Amino acid sequence: MSVRVYFIMFDSSVEEQRYLTTLRKEKESFETLIRQKASMVVTEGDMAQNQFDDEVILDSRKAGQSNVSTQQSNVSTQHKIIVDMREFRSELPSLIHRRGIDIEPVTVEVGDYILTPDICVERKSVSDLIGSLNNGRLYNQALSMTRHYKHAILLIEFDHNKSFALQTRGSLSSDISSNDVTSRLTLLTLHFPKLRIIWSPNAYATAEIFAELKAGKPQPSAEAAIAVAGDSNIPPSPSDKYSHVHQDLILKLPGINSKNYKYILNNVSDLKELCTLSEGTLTDILGNNTVAKQITEFLHKQHTTETQPSTSTCLQTLDKKRKTFKRKR
């Protein structure tokens, strides 16, 4: 059954001009698309996808030529990545597997991807990054990663085909405020100097970044990744000499930051000894007279509390005011 469509309109009318304008715009759009694709640079995602296809073809051609020794060497150098179970809702685990890297799915509390025993990656989209910065969840995640792993990485994955901005152009300011996302991200990097931030345009680029980070590194252990928990009561790693509780306590002192807190931990045995140190001794330990003065004033400042007047005192005051009022009358 053939179907015919008829357009009925008045000659030289507004409807006719609108229809012709639509046809012209559609034709120009196709011509522009053809010209751009003819001179367009190949995107990184297409290059990565073509690379995956070429690797699969090469592996299939070499399959019949490999001997036993080659297979044994490949098994001994097989790469592995520990992936959190919640990450399998995305396409990244499958892309990593296509690169010839084994995927071991487990439920981990710290990080999303464990590349090596020392490298932990927390993967965030732009929307997830903004939400985590607003509710403070990213701070706890960064704290857990920097405590348990030598190299903590925050990977922010965005869509290179869509423009985004962490802060509107009209609200750009040189002052750091806790209300905007850019300032919170800046404060996060200042508070965790060990945290590294990587921006990735797509999942293909992320898989390539993971492969480069793992090159020549030992493989992670699933048992060790599961044993790591996001609780501050867990004993410190072998690289940490002091407990995290002691580190947090010292970092609360005025003038103490992540760059000078170890000077106190290495030279002071306990909090009692710290309270007995003079300002000159603290200056020799920290190498900064201003910080030593701040700590000394904080530890030895006399804090006075205002006492509430007793009930009898209040009654005597009221009685005096009542007698004075009667005399005036």
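User: Before we look at strand β1, what does buried mean here?

Analyst: Happy to start there: a residue is buried when its relative accessible area is under 20%. Keep in mind that this is a predicted model. Strand β1 covers residues 80-84, and four of its five residues are buried, so the rest of the structure largely encloses the strand.

User: Which strands is β1 joined to by bridges, and how do they run?

Analyst: Strand β2 (residues 102-106) runs parallel to β1, with five bridges between them. In that pairing, Asp84 has Val106 of β2 as its bridge partner. Strand β3 (residues 113-116) is joined to β1 by two bridges, and these two run antiparallel. There, Tyr113 of β3 stands opposite Val83.

User: What unit do β1, helix α4 and β2 make?

Analyst: Together with helix α4 (residues 92-98), β1 and β2 form a β-α-β unit that is right-handed.

User: Let's turn to aromatic rings. How is a pair of them described?

Analyst: Two values do the job: the distance of the centres and the angle of the planes. In this model there are three aromatic pairs. One of them joins Tyr139 and Phe192, whose centres are 5.3 Å apart with 55 degrees between the planes, making the pair tilted.

User: Where do Tyr139 and Phe192 lie?

Analyst: Tyr139 belongs to helix α6 (residues 137-148), while Phe192 sits in the loop between α7 (181-191) and β6 (195-200), so the pair ties together parts 53 residues apart in sequence.

User: And are these residues buried or partly exposed?

Analyst: Phe192 is buried, at a relative accessible area of 6%, whereas Tyr139 is partly exposed, at 37%.

Conventions
Residues numbered from 1 in each chain as written. Predicted model: local features only at pLDDT ≥ 70, side-chain atom pairs only at ≥ 80, totals over all residues. Heavy atoms only, no water. Buried < 20%, exposed > 50% of the residue type's maximum accessible area, 1.4 Å probe, protein only. Pairing = 2+ DSSP bridges. Right-handed = clockwise from strand over helix to strand, strands pointing away. Phe/Tyr/Trp six-rings, centres within 6.5 Å; stacked < 30°, edge-to-face > 60°.
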